[in-house]
Amino acid sequence: MMIKLGATSPSRLSRLSRHAHHEHRQSASRPSRRSRLARSLRRALTLTASATALLSLTPSAYASPASAGVRAETLVQSTSAWDGTRYTAYSPGRPQPTLVRITLAPNTRLDWHTHPMPAIGYVTAGHLTVERADNGKQQAFSAGQTLTELVDVAHRGWSGSAGAELLVFYARTEQQPLSLPASGADKSAHASAPSAPSVQPARPVPPAANAARAAQE
């Protein structure tokens, strides 16, 4: 049995051809799902690499020209005095940090004294020897070295033939004396300093006296 196919008109064939051509162009211009995923992955990898590069920069890379030349050096940081005696606590009260320059003439000895607060000394010139009264322990310091002072322990210091100069920072409170005399320390002292002129330890100069001195100079 023969089946006769119906004929398709030329106009219908033309329409079908144009539709097929349009579908092909849309299919070619529309990215596939795989290509979209590939582009998203490349974009994520690029962002990750950029973030890693930023995080890997050291803080110095962000330093301003002014801070790039700054150099900090810790000269001393301690929880004990020069002989190993542990510090306990700061005195209660309103803080009044005080920095004092102490100058000792050659072969000059300080009297026995105590400090009621922690203090740090920095020897700027010469040599200084310090000594405890109760056990005679001594230690020498020279220019460029630091010493952490004893608290409530009788001690003294003396300079050598070149004298000594030091800056001492006292972590004091208002009205707190920088030092107190330890008059009975001579009886308990186990060692003695070389024969030298004796002087009282440094005491703070009132601001009014500082102003008067500056006016005279």
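Okay, let's begin with a term: two strands pair if DSSP finds at least two bridges between them. Keep that in mind while we walk through this one, and remember that what's on the screen is a predicted model.

So, pairing. Look at β4, residues 119–132, and β5, residues 138–142. These two run antiparallel, with 5 bridges joining them. If you want one pair to find by eye, take E131, whose bridge partner in β5 is Q138. The two strands form a hairpin with 5 residues between them, and in that hairpin G136 takes a positive phi near 75°.

Next pair: β1 and β7. β1 covers residues 98–104, and β7 covers 155–170. They're antiparallel too, joined by 7 bridges. V100 stands opposite V168 there. Now, in a regular strand the side chains alternate between the two faces of the sheet. You can follow that along β1: T98, V100, I102 and L104 make up the covered face, while L99, R101 and T103 are on the uncovered one.

Stay with that uncovered face for a second. L99 joins I120 and F169 in a nonpolar surface patch of about 270 Å². F169 sits in β7 and is partly exposed, at 38% relative accessible area.

And what does R101 do? R101 forms a salt bridge with E165, with the closest N and O atoms 3.5 Å apart. Since E165 is in β7 and R101 is in β1, the pair ties together parts that are 64 residues apart in sequence. R101 is exposed at 55%, and E165 is partly exposed at 23%.

On to the other charged pairs. How many salt bridges does the structure hold? The count is 6. Another one brings E174 and R94 together, 3.4 Å from N to O. That pair links distant parts of the chain, 80 residues apart: E174 is in the loop between β7 and β8, and R94 is in the loop between α2 and β1. R94 is exposed at 58%, whereas E174 is partly exposed at 40%. Then there's R71 with E73, where the closest N and O atoms are 3.7 Å apart. R71 counts as exposed at 71%, and so does E73 at 54%. Last on this topic, D83, R132 and D134 are joined into one network by salt bridges that share partners.

Now let's go inside. Is M117 buried or exposed? M117 is buried, with a relative accessible area of 0%. You'll find M117 in the loop between β3 and β4. Leaving out neighbours within four places in sequence, its contacts include V151, Y170, R172 and Q176. M117 and Q176 are 59 residues apart in sequence, but 8.6 Å apart in space, C-alpha to C-alpha.

H113, in β3, is buried as well, at 4%. Its side chain has a polar atom 2.8 Å from the backbone oxygen of D111, and there's a 3.4 Å polar contact between the side chains of H113 and H115.

Last stop: T148, in β6, residues 146–148. T148 is buried at 8%. What does its side chain find there? A polar atom of the T148 side chain lies 3.0 Å from the backbone oxygen of S80. Beyond four places in sequence, T148 touches several residues, among them V76, W82, Y87 and I120. And I120 is one we've met already, in the nonpolar patch with L99 and F169.

That's the tour, thanks!

Note on methods: Residues numbered from 1 in each chain as written. Predicted model: local features only at pLDDT ≥ 70, side-chain atom pairs only at ≥ 80, totals over all residues. Heavy atoms only, no water. Patch = residues over 30% accessible without salt bridge, like charges linked within 9 Å, V, L, I, M, F, W, Y side chains within 5 Å. Areas by Shrake-Rupley, 256 points an atom, 1.4 Å probe, with all protein chains shown as cover. Salt bridge = Lys/Arg side-chain N within 4 Å of Asp/Glu carboxyl O. Helix = DSSP H or I, 4+ residues; strand = E, 2+ residues; numbered from the N terminus. Buried < 20%, exposed > 50% of the residue type's maximum accessible area, 1.4 Å probe, protein only. Polar contact = N/O pair within 3.5 Å; in protein donor to acceptor, adjacent residues only side chain to side chain. Contact = heavy atoms within 4.5 Å.
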